[in-house]
Each structure stands twice: as structure tokens, then as C-alpha cells.
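Trainee: Could we go through this model together before I head back to the bench? I'd like to start with how the helices pack.

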Amino acid sequence: MNRITLTADGSNTLYNETIGEHYHSKHGALQESKHVFIDAGLQHALSCFPGQEIKVLEIGFGTGLNFLLSAAWCEKHQTALKYISLEAFPLTIEELESTGYDQYVPENIWNGLTGNYGKAFQQAVNLGADQQLRIVHTYLHRYETDLRFDLLYYDAFSVQHQPEMWTDEVIAHACSFLRPGGIFVTYAITGKLKRALKTIGFSIEKLPGAPGKREMLRATKGGFGC
């Protein structure tokens, strides 16, 4: 069961009563998504890999906010986007539409997602000339692909509520889908996570966190960033 919740920046999130956690920060859903995944993730990745299609793998599609903001940013900056997201517990279309996130992105992007939400679980869908979305209904540890991604959004629920998503083995499995030089970004930062990433050859950056968090983490596969 999910219920709509207003966050401190005026944007909504959903509270998952089964997990016992909000999908986004109560200090600001929109602010958190922009800060962690767009500013520290997408914009940074495109500065490292300019002039090409950006391939994003997201762990936890949730409300779709990260995708919506990514698609809007890429459309504005004329960048092709291939976006694959893993989601073990999908929201209904009614829950997704209840978020009110249509006010934060162009109408064509919102309508593209809501109109193709169900179809995106079956196949990759084109939401415009250069926007492609595929949502895979699976657990991360069961996912396999030959694709290699430029950027990984790790947006699982927190280790307190979903510890199985933060084991060394699961983190290593997720990171195996990144290309050399690929970027891992998440709202979380713990000593255990940093050690897990260093063990598999990532360089670590501690960045200022979104409102309500002191720090967040960005890591680069096999190097020290671009």
C-alpha cells in the first residue's frame, strides 16, 4: 500500500507502508532527484562522455521521477537517452499519475511516460525521436544483459529498510553493467558501500548531499573521473 505524501519542497512522494519508507526524501522529493541523479549523475556523465547517446541503468524505477527529469534534461540539451530501469514492485498507473510530477516536465514527456507505462514493461518504447525507456519487472540479482551503461542510478530503498539491496555481492552485480569509466551515483554514503566499491576497482567521491543529508556518493569504474 502506498499513500501520497507532501515533502518540504512542495513536491509529492509516496510512502510505502510495506517497506516503511518514502520513495524520496521527505526534505524534498524534487530537490533530491535533481541534486543526486541529474546534477551529480547525468550532467557529470555527459561532461565525461560528450556528444553521444547516454545509456542509463536505474535500480528502482519507483515513481518515475528520475526518468522524467532525465528525459526532460536530455531533450532540452538535444542528447539521446537510452534508459533501462529495474523495478521489482511496480506502482500502478493510478499511483504514478497521483504524484503530480506532470508540473515539472514538458507535457510530451509526461504523456509519453503515462501513455506507455504498461508497454514499457514489455518492450523498449520510444518516447520521441531520441528518448527510449524500458522498465524490467525483476529483482536486481536476477537481471542479466550484454549492454554496458555510462551511468548507474542506484535508488533502492535505504539499507535500514532493504538491506538485501546493499550487500557487497549485489552492489558488484549492479556495477558489472557499467562500461570502463562508467559512473555510479546514489543518495547514500556508508563506509561499507565505499569499501565494496573500492574492492571492485572504483574511485570514490564524497559530494554534498541533498537537503537533509550531509553527503552523497559518486564513484567511477576503473579510474578517478574525467
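**Helix contacts and cysteines**

Mentor: Let's begin with one helix pair, where Asp168, Ile171 and Cys175 of H5 are in contact with Lys192, Leu193, Ala196 and Leu197 of H6. Sorted by class, the residues of that contact are 5 nonpolar, no polar and 2 charged. Please keep in mind that this is a predicted model.

Trainee: At what angle do H5 and H6 pack, and how far apart are their axes?

Mentor: Helix H5, which covers residues 168–175, packs against helix H6, residues 191–199, at an angle of about 50 degrees, and their axes are 10 Å apart. The two helices are therefore oblique to each other, and their crossing is right-handed.

Trainee: Moving to H1 and H2, how do their axes cross?

Mentor: The axes of H1 (residues 29–48) and H2 (residues 65–76) cross at roughly 50 degrees and come within 10 Å, so H1 is oblique to H2. The crossing of H1 and H2 is right-handed.

Trainee: And which residues make that contact?

Mentor: From H1 the contact takes Ala29, Leu30, Ser33, Lys34, Phe37, Ile38, Leu42, Gln43 and Leu46, while H2 brings Leu65, Asn66, Leu69, Ser70, Trp73 and Cys74. By class, the residues of this contact of H1 with H2 comprise 10 nonpolar, 4 polar and 1 charged.

Trainee: Cysteines next, then. How many disulfides are there in the whole structure?

Mentor: A search of the whole structure finds 0 disulfides.

Trainee: Why is there no bond for Cys74?

Mentor: The closest cysteine sulfur to that of Cys74 belongs to Cys48 and is 14 Å away, which is too far for a bond, because a disulfide needs the two sulfur atoms within 2.5 Å. For Cys175 the closest cysteine sulfur is again in Cys48, at 16 Å, and that is also too far for a bond.

Trainee: Are those two buried or exposed?

Mentor: Cys74 counts as buried, with 1% relative accessibility, and Cys175, at 2% relative accessibility, counts as buried as well.

Trainee: Changing topic, where does Ala40 lie?

Mentor: Ala40 lies in helix H1, and with a relative accessibility of 7% Ala40 counts as buried.

Trainee: Which residues is Ala40 in contact with, leaving aside its neighbours within four places in sequence?

Mentor: With those neighbours set aside, Ala40 is in contact with His35, Val185, Leu207, Met216 and Arg218. You can also look at Leu217, which is 177 residues from Ala40 in sequence but 9.1 Å from Ala40 in space, C-alpha to C-alpha.

Notes. Residues numbered from 1 in each chain as written. Predicted model: local features only at pLDDT ≥ 70, side-chain atom pairs only at ≥ 80, totals over all residues. Heavy atoms only, no water. Buried < 20%, exposed > 50% of the residue type's maximum accessible area, 1.4 Å probe, protein only. Axes fitted to C-alpha atoms, helices over the stretch in contact; angles between N-to-C directions. Helix = DSSP H or I, 4+ residues; strand = E, 2+ residues; numbered from the N terminus. Parallel < 35°, antiparallel > 145°, perpendicular 65-115°, else oblique. Left-handed = near helix turned anticlockwise from the far one by under 90°. Contact = heavy atoms within 4.5 Å. Nonpolar A, V, L, I, M, F, W, Y, C, P; charged D, E, K, R; others polar.
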